[in-house]
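Me: I'm new to reading protein models and would love some help. Could you pick one part and take a close look at it with me?

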Amino acid sequence: MLKNLSQIITAMIFRGIAMEALVRAERAVRHLRSRLPKNWQPQAAVTLGTGLSGLAEEIEPFAVVPYAEIPGFPLSTVESHAGELILGNLAGRPVAALAGRFHLYEGYSAQEVVFPVRVLALLGAQAFIFSNAAGGLDLGMAPGRVMLVRDHINLTGRNPLRGPNLDQWGERFPDMSRTYDPGLMDLARRVARQEGIILYEGVYVSVMGPSLETPAETRMLRNMGADAVGMSTVLEVIAARHMGRRVAALSAIANVNDPDDMEAIALEAIIDNAARSGADLARLMKGMLAGV
Ligand code: HPA
């Protein structure tokens, strides 16, 4: 009897935690709807990672909402940019663009990292195109180019789905056999061909950071089958797939790491090289949006 009671109470607490996340996300959605034309909803969501900030200016905005104004959005740390959500039209499509994201290495929980993705999924986004800056592990890669993510390895030691599952959002054990949408990947390849863009394809491994990899870690990541390493995206992808959304991801190759001849990586070099990928990334994103 007592055991039953404690089980019931535990179940209620767990359900309460899950509902809290739902209530918070719905509150954010209500706030965003209040800022938008009636019935307007994004068809696709994009994250403007390092090197893609230029794309933000090409959006015809209906609303630009600072993260600090959106109820439930994590408060930004000193190091991270404040961030804003841009809602408007790009490439003829209604889109929601997240300019600025939350990383585990800043101290956010996995749930905080994926909160914006869940909010945009609830707002109506059916497809997500993520972008990031990454270190190349394939020595044939050149900095300044873009890699289409074909698959990922979650090496962060975190998962946003840990804890009670919210059945309204998705399954307890979501399938990850086809995480990256084959149709969106084909679209990316087609746009690359049409635009004359060199597009690598490969496996993205996400680590927690913020320290960069040692030569031994770089060798390990390469040997385990990764082509590029970074500190974002994977948790967001998991949350979007949990909710059944279509997902694609593009990595700006900011540096290439050779474990046998490891060079010191300067943050400025990462940002400069990621920005060099910016023009290709922007063309790929726009071409993909036009096709979703
Ligand atoms: N390692 C991890 N994250 C990164 C790198 C890297 O070399 N370059 C850009 N983001």
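Reply: Happy to! Helices (H or I, at least four residues) and strands (E, at least two) are DSSP runs, numbered from the N terminus. This is a predicted model, in which local features need pLDDT of at least 70, side-chain atom pairs count only at pLDDT 80 or more, and totals for chains, interfaces and linings use all residues. Numbering starts from 1 along each chain as its sequence is written.

The part I'd choose is helix 3, which covers residues 110–123. Let's begin with its length. For 14 residues at 1.5 Å each (times one less than the number of residues), the helix should span 20 Å, and because its end C-alpha atoms lie 21 Å apart, expectation and model agree. Helix 3 also has a kink of about 35°, centred on P116; the bend is the angle between axes fitted to the seven residues ending there and the seven starting there.

Now for its surroundings. Helix 3 is mostly covered, with twelve of its 14 residues buried (20 or more other C-beta atoms within 10 Å of a residue's own; 12 or fewer is exposed, in between is partly exposed, with C-beta atoms placed from the backbone). P116, at the centre of the kink, is one of the buried residues. Others among them are A110, Q111, V113, F115, R118 and L123. For the protein as a whole, 44% of the 292 residues count as buried.

Next, look at what lies on either side. Just after helix 3, G124 takes a positive phi of about 130°. On the other side, H103 sits in the loop between strand 4 (93–99) and helix 3. H103 counts as buried because 22 C-beta neighbours lie inside 10 Å. Leaving out residues up to four places away in sequence, H103 touches Y108, V113, M231 and S232 (C-beta atoms, placed from the backbone, within 7 Å). V113 belongs to the buried set of helix 3, so you can trace a contact from the loop residue H103 to the helix. H103 also lies 9.0 Å from T233, C-alpha to C-alpha, although 130 residues separate the two in sequence.

That kind of link recurs across the protein: among contacts between residues at least 6 apart in sequence, 84% join residues at least 24 apart.

Finally, let's place helix 3 in the whole. The protein has seven helices and nine strands. Its C-alpha atoms fill a box of roughly 65 × 45 × 40 Å, taken along the principal axes. There is a ligand too, and strand 5 gives the most to the shell around the ligand, with three residues.

Conventions: Two residues are in contact if their C-beta atoms, placed from the backbone, lie within 7 Å.
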